[in-house]
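Q: Could you take one chain of this predicted model and look at it closely, covering its backbone, its helix packing, its core and its contact with the partner chain? I would like a connected account that I can follow with the structure open beside me.

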Amino acid sequence: MHTVQLVIFLFFFLLVTVMGFMASRWRRADTLDSLDEWGLGGRGFGTFISWFLIGGDIYTAYTFIAVPATLYAGSVVGFFAVPYTIVLYPIIFIFLPRFWSVSHRHGYVTPADFVRGRFDSKPLALAVALTGLLATMPYIALQLVGIQVVLEVMGIGGGTNSSFLEKDLPLFIAFAVLAAYTYASGLRAPALIAFVKDTLIYVVILVAVFYLPTQLGGWGHIFDAASKSFDAFNKENADAIASGAAAGKGIVPPPAAHWAYASLALGSALALFMYPHSLTGVLASKNRTVIRRNASLLPAYSFLLGLLALLGFAAIAAGVKVDNPQQSVPALFDKMFPGWFAGVAFAAIAIGALVPAAIMSIAAANLWTRNIYKAFINPAATPKQEATQSKLVSLVVKFGALVFVLGLGTQDAINFQLLGGVWILQTMPTLVFSLYTRWFHRWALLAGWAVGMVYGTLTAYNVPVPGKPGSHFGGPLQLVPFTDTKGYIALTAFVLNVLVAVLLTFVLRALKVANGTDETSPSDYHADAGDPGVEDVLEGEPGTAPTTG
Amino acid sequence: MSEPNARRTGGSWAVVAVLLAVGIVLPLLVGLYDSIEPRLGGFPFYYWFQFLLIPVVSLLTFIAFRLSLRATRKDRPTFGLPAEPGDDTRPSGSER
């Protein structure tokens, strides 16, 4: 047990929890009993708050734990998170303003709302909603792994001899706290906490990337140490690597891994803003300009993400030896920082996992309520019933994620996020292409989605964990069909998806199959805050009476 | 998409498209930067080049943002929108 760490950790954790509960009073509307108030924070955030909110999607356990862990483990494509967050912003810039406009004209709160309005198709909207719910769970699971490893390194739970309950109890407690304050405050809780979180995170990162290297002989030495360690591993395991039973390690991808690296970056970037939680953050911004301005401001986050990733190498240089690579950064902090500062750092990591977990579960809950509960189960639901459903489902989603953590191995947590990407990317043709054109046929899009989902899931299922033949969901990469190059499964499935959608659209259009009534008009995709018909704060019954411009 | 009035702002949007395309494609060309040498401050080329790409792409995106502001304003009447957002009589959302 590390007493000082633990006291400091608990102090910040409690501080944030209290703030979470108080957030329900901040800039509050008359009542949180409407879904728009609870689920979108009333939609009125300017550049500054939006910057923090969207940034919260980047700085998560993914950044602090999972990415450095892949570098620590010597994955040659581990640094892909940096090009991922570079190409992300030009991509955001292109299509998100259109999505903002059409959503604010018609009161869409979820991606599936838009699909229903654009294609007049309940099945397609349902497919998009279910994909969002499914894909969010492993992403939340990744956050839970982040909290788990921090607690383990502090000496709570874990250990090979401990019982099931002893091992996972701290995780359940942290989770109950998150669930409670999200339940009470909605999106306001994560928005307010984001300030504390980012302050803590910046302090920790700046210390980590400036202080740690000086203690470890500078970055040059850190890279050399990692390189030497990987060379030694490759020499020792030359036979296993040659037979494919183990993966070779390195600090730069060999030419054979270039497409793997680029496709992981591009696939992840395309996928991120298909997630319901990312779109929720975008819809909460005040106007279109905020989105584009942020697209050029957010890369500040990427820079720190890259330096954090390199802490995986720093852990090697510091001689950190952990069986689970996910523990490498917490173990590095434990080894190199005084107890009190390690406590601060652990709090930053844990809170940095809680905030996005809250945002993700709220967004997934909105999907359930609007696009499944209201569309199929109780069309006459009152706003209060809707808010109640969302609150309950946000709990369910979190427990679903908990099951993911307990059920799948946590050795390679980044695979959780990449698996979510395989699924969520299959909604992109429906969501993004149709922001520009109504050429695609709704049934063709649904068929493309189904093909992409089946191919992606089966392919990912059949990837074994290196060294464990017969195991499943062991990695995000597989040979691209008809080539001998490995690529990110999500992107391969996406290409298949688009091919099917295009071919079937030709067929269905030739057969003149009805393609539904489009409730949107061209001007909807350009309208800004203050324009006729644009609701900047949606109140009353959400989604029932779409306004036309 | 064939949007009317495209000629007036088409040039600006073409520049925006090129800027963004460079920002998306350049980081994905791994073969351009997959080497250890030359090092900079202890960082292998592979790493410092990708760090360098962050401000570069950020700048490209910022220029695209500035260009898009003007083009968007010019495009507005084409889509049946007032010249400036908020020109309608509806009170702006100050009740918050």
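A: **A close look at chain A**

A:Phe482 counts as exposed because it has 6 C-beta neighbours inside 10 Å, and a residue is called exposed when that number is 12 or fewer. A:Phe482 sits in the loop between strand S1 (477-479) and strand S2 (486-488) of chain A, where its phi is positive, at about 70°, although the residue is not a glycine. A positive phi in a residue other than glycine is also found at A:Asp120, with a value of about 55°. A:Asp120 belongs to the loop between helix H6 (111-119) and helix H7 (122-153) of chain A, and, because it has 16 C-beta neighbours inside 10 Å, it counts as partly exposed.

As for the chain as a whole, the secondary structure of chain A consists of 23 helices and 2 strands, and 60% of its 549 residues count as buried. When contacts in chain A between residues at least 6 apart in sequence are considered, 82% of them join residues at least 24 apart. A separate illustration of such separation in sequence is the pair A:Leu6 and A:Ala347, which are 341 residues apart in sequence yet 9.3 Å apart in space, C-alpha to C-alpha. A:Leu6 itself lies in helix H1 (residues 3-22) of chain A and, with 17 C-beta neighbours inside 10 Å, is classed as partly exposed.

The interior can be described next. The largest nonpolar core has 188 residues, of which A:Ile65, A:Ala141, A:Ala314 and A:Ile349 touch the most other members; helix H18 (residues 339-377) of chain A gives the most to this core, with 23 residues. Leaving aside residues up to four places away in sequence, A:Ala141 touches A:Ala401, A:Phe404, A:Val405 and A:Phe416.

Helix H5 (residues 81-106) of chain A offers two packing partners to examine, and with helix H14 (residues 288-297) of chain A it packs at an angle of about 170°, the axes being 9 Å apart. The two helices are therefore roughly antiparallel to each other, since an angle over 145 degrees is counted that way. On the H5(A) side the contact residues include A:Tyr89, A:Phe93 and A:Trp100, and on the H14(A) side they include A:Arg288, A:Ile291 and A:Arg292; by class, this contact has 8 nonpolar, 2 polar and 2 charged residues.

With helix H12 (residues 258-272) of chain A, H5(A) packs at an angle of about 45°, with the axes 8 Å apart, which makes H5(A) oblique to H12(A). H5(A) passes H12(A) in a right-handed crossing. Among the residues that make this contact are A:Pro83, A:Tyr84 and A:Val87 of H5(A) and A:Ala265, A:Leu266 and A:Ser268 of H12(A), and the contact as a whole has 10 nonpolar, 1 polar and no charged residues.

Finally, the contact between the chains takes 44 residues from chain A and 38 residues from chain B. Helix H1 (6-25) and helix H2 (45-75) of chain B each supply at least two residues of the side of chain B that touches chain A, and H2(B) gives the most to that side, with 13 residues. By class, the residues of this side of chain B divide into 21 nonpolar, 12 polar and 5 charged. In the loop between H1 and H2 of chain B lies B:Pro38, and the peptide bond from B:Glu37 to B:Pro38 is cis, with omega near -5°.

How values were computed
Residues numbered from 1 in each chain as written. Chains lettered and ligands numbered in written order. Predicted model: local features only at pLDDT ≥ 70, side-chain atom pairs only at ≥ 80, totals over all residues. Helix = DSSP H or I, 4+ residues; strand = E, 2+ residues; numbered from the N terminus. Buried ≥ 20, exposed ≤ 12 C-beta atoms within 10 Å, placed from the backbone. Axes fitted to C-alpha atoms, helices over the stretch in contact; angles between N-to-C directions. Parallel < 35°, antiparallel > 145°, perpendicular 65-115°, else oblique. Contact = placed C-beta atoms within 7 Å. Nonpolar A, V, L, I, M, F, W, Y, C, P; charged D, E, K, R; others polar. Core = buried A, V, L, I, M, F, W, Y, C linked by C-beta atoms within 7 Å. Left-handed = near helix turned anticlockwise from the far one by under 90°.
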